[in-house]
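Me: I would like to go through the overall build of this model, chain by chain. Could you take my questions in turn?

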Amino acid sequence: MKTFKIGGVHPKENKLSEKSPIKVLALPKTAIIPLSQNLGAPSNPIVNKGDKVKVGQLIAESSSFISSHIHAPVSGTIAKIDEAIDSSGYKRKAIFIDVEGDEWLENIDKSNHLISDIRFSKEEIIAKIKDAGIVGLGGATFPTHVKLMIPKGKKAECLIINGVECEPYLTSDHRLMIEKGDELMVGIQIIMKSIEVTKAYIGIENNKPDAIEHLTNLSKKYNGIEICPLKVKYPQGGEKQLIKAIIGREVPSGKLPIEVGCVVQNVGTAYAVYEAVQKNKPLIERVVTVTGKSVKNPTNLLTRIGTPVSLLLDEAGSLPDNTGKIINGGPMMGKAVNSLEIPVVKGMSGLLVMPEKESKRVPIYNCIRCAKCVSVCPMGLSPYLIAQTSEINKEEMAESHGVMDCIECGSCSFTCPSGRPLLDNIRISKNKVGQIIRARLK
Amino acid sequence: MTNTLTVSGSPHLHGDQNVKKIMWGVVMALIPATLVSFWYFGIGAIIITSVAIVSCIIIEYLIQKFILKQSPSINDGSAVITGLLLALNVPSNLPLWMMVIGAIVAIGVAKMTFGGLGKNPFNPALVGRVFMLISFPVDMTSWPLPSVNRTVLVDAVTGPTTLGVVKEGLAKGDSMNDIITKIPSYMDMFIGNMGGSLGEVSALAIILGGIYMIFRKIITWHIPVSYLLTVFIFTGILYLINPNLYIDPVFHLLAGGLMLGAIFMATDMVTSPMSKTGMLIFGLGCGLLTVLIRVWGAYPEGVSFAILIMNAVVPLINKGFKPKKFGEVINNG
């Protein structure tokens with residue numbers, strides 16, 4: 001069975017919520033919609049306090065090339081535009097909407113009726129995706145329409161759909177593949193049309209046999225879509241690892257997937273594309289896995305953007321007393337949050353509750369040069385070396401050791417028997433080296 | 001509730017390996033070889049092993065407490081390994097005070113002066129052993145014969161090791177056929193029924209330990225396999241050139257400290273290379289040097305020297321043989 005070649009680890013999968021069907025979560029009283037929900041520039045608000053908005057109405061505009069639109073996920077009155085703590089842990093600008101009823105814009109098709117006929121041209125599709133404010137829903141939140149505009153001189157040969165969900169605990173993509181298979185397939189065909197390819201692969205790890213079987217059956221109806229079962233190994237959902245696993249090509253250091261003729265999109269993004277293009281529905285809701293060993297009912301919730309996470313946690317059974325950490329995303333790459341009032345954003349794939357005793361780091365010992373970090377690094381780096389150069393502030397050395405190639409998957413820190421904070425140090429170094437490189441280009 | 005949330009960088013999970021588990025895993029892997037030595041060399045082996053381990057632990061504790069003023073970390077098991085390996089590398093009738101000096105050199109000089117666990121460039125047990133070998137050459141090279149003196153402590157029947165027999169025989173000009181009659185059968189050498197240092201006699205027990213360590217992912221196969229294969233091929237070529245002058249490669253694999261060295265000493269994580277290619281080259285170097293010393297050097301055995309010399313080369317190997325980076329050489333697919 002296919003997988004990527006170098007490195008990788010096997011954290012316990014703990015897919016506790018894989019059998020819970022997606023449930024629609026009730027609306028909040030107040031929705032908090034951060035203006036910074038994508039990789040790149042934050043959006044500009046175009047509504048004022050007191051304005052009435054309907055679901056799906058544009059409330060903040062894309063502010064630059066790499067940016068995205070934001071739409072009202074609820075109907076009601078704009079209460080204020082003020083700062084709120086978001087999932088980054090910082091206070092940032094957000095639009096507060098007091099929810100009144102659930103009134104949608106008339107042109108949005110709310111029915112479950114499947115529309116498989118694609119009536120739009122390549123340009124129209126990309127424009128619709130841009131208008132719907134879609135960003136990469138796997139967690140990176142890169143604006144999707146930008147990714148679909150193939151640079152001049154390059155040509156896409158295939159589309160790769162990421163259904164790997166290699167993070168432990170998370171199951172939102174898994175449930176989507178099972179429950180929205182047809183919509184997903186149409187979404188994939190729309191993306192294929194937009195980048196002018198005739199071949200798409202869906203990569204799914206073989207710990208989701210039901211999804212593999214379901215989509216393989218469906219794929220007979222849709223031309224050019226092939227399901228690729230993959231051996232379970234973290235971080236297979238990394239773009240470069242996934243491309244290597246499925247078509248065997250290696251994206252050169254510092255380059256994008258298009259360099260080897262690929263465009264990679266997440267399952268959730270493909271579904272959002274279907275809704276945007278076929279149903280006129282902007283990105284106003286997403287599936288969030290709420291899970292954890294101490295959580296009473298681990299579940300998958302279809303949630304409006306802007307819903308405070310406390311409501312999601314209540315739905316999964318109240319927050320356990322021994323909770324020590326709450327993570328936005330999976331346990332390997334997710335961010336620990338510092339408040340229960342942060343809202344659901346476009347990039348939130350899961351909420352993981354960790355008990356007190358699992359939330360603390362292990363004690364740190366000397367590096368015993370066991371080379372485990374070297375053997376698990378999926379980018380073929382020497383994490384111990386980069387972490388050392390970071391500790392002594394040797395940025396140019398870190399750069400020559402390839403620090404910018406690090407995908408921050410955390411396999412090194414996960415595996416280090418001495419419990420050393422390798423990735424923390426590498427991140428610091430990556431940040432500084434990134435600044436140096438940008439300064440050099442000026 | 002909100003005030004008590006922990007916020008830290010990802011990853012939020014940690015694997016199940018830790019330093020203590022690794023170190024005690026190595027100790028577990030050494031148990032078969034230790035038990036074989038107790039069986040063949042009796043009470044002397046038990047005493048010398050205990051003395052070595054206890055002195056290593058005490059010396060590390062004292063240095064950490066009174067000189068480095070650190071909180072002692074003797075329960076990480078690394079001092080126990082050094083003590084055990086040191087004992088397995090000496091004859092069972094070695095005077096105990098010599099063992100203590102060996103322990104002082106191993107822990108005090110080779111390990112703690114560099115900053116303790118993980119910082120030492122040379123394998124501490126080997127430094128201790130070589131120090132004893134050079135300082136007390138007679139006591140370090142008269143080995144009691146196995147199974148003869150299990151309950152006797154001193155004045156035991158001693159004899160040279162198999163490697164010594166071969167080396168001296170060849171030096172005197174004896175023919176290879178005569179020499180072979182004086183060494184134990186390969187089966188005895190494999191299970192450990194021969195004279196030698198405590199832990200090096202039984203290839204079988206050492207290999208069992210090695211398989212356990214590979215299974216527990218404490219070591220990888222690269223260093224032992226490349227080391228043993230190099231010795232086998234090099235001595236094999238010599239044997240094919242002139243079987244009257246050079247003994248066969250199987251003998252070289254089973255004799256002396258090669259197995260112990262290749263599986264437990266050369267694989268010491270702290271003093272071996274970081275990349276897989278580096279490990280293969282390290283094993284190759286150890287193998288070449290071992291054969292050079294055994295065949296043409298002044299000492300009958302060359303494993304300790306070979307590994308220590310290669311330890312010194314490790315930083316260079318690490319610099320020269322980094323793992324291949326993802327996307328490094330391929331251009332435009």
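What follows is a short exchange on the two chains and their folds.

Reply: This is a predicted model, in which local features need pLDDT of at least 70 and side-chain atom pairs count only at pLDDT 80 or more, while totals for chains, interfaces and linings use all residues. Residues are numbered from 1 along each chain as its sequence is written, and chains are lettered from A and ligands numbered from 1 in the order in which they are written.

Me: How many helices and strands are there in chain A?

Reply: Helices (H or I, at least four residues) and strands (E, at least two) are DSSP runs, numbered from the N terminus. On that basis, chain A has 13 helices and 17 strands.

Me: How many strands are there in chain B?

Reply: Under the DSSP assignment, chain B holds 14 helices. Beside these helices, the number of strands in chain B is two.

Me: Why does the radius of gyration of chain B agree with that of a compact globule?

Reply: The radius of gyration is taken over C-alpha atoms, and the globule rule is 2.2 Å times the number of residues to the power 0.38. Because chain B has 333 residues, a compact globule would have a value near 20 Å, and this agrees with the radius of gyration of chain B, 21 Å.

Me: What percentage of the residues in chain A is buried?

Reply: A residue is buried if 20 or more other C-beta atoms, placed from the backbone, lie within 10 Å of its own. Among the 442 residues of chain A, the buried share is 56%.

Key
Buried ≥ 20, exposed ≤ 12 C-beta atoms within 10 Å, placed from the backbone.
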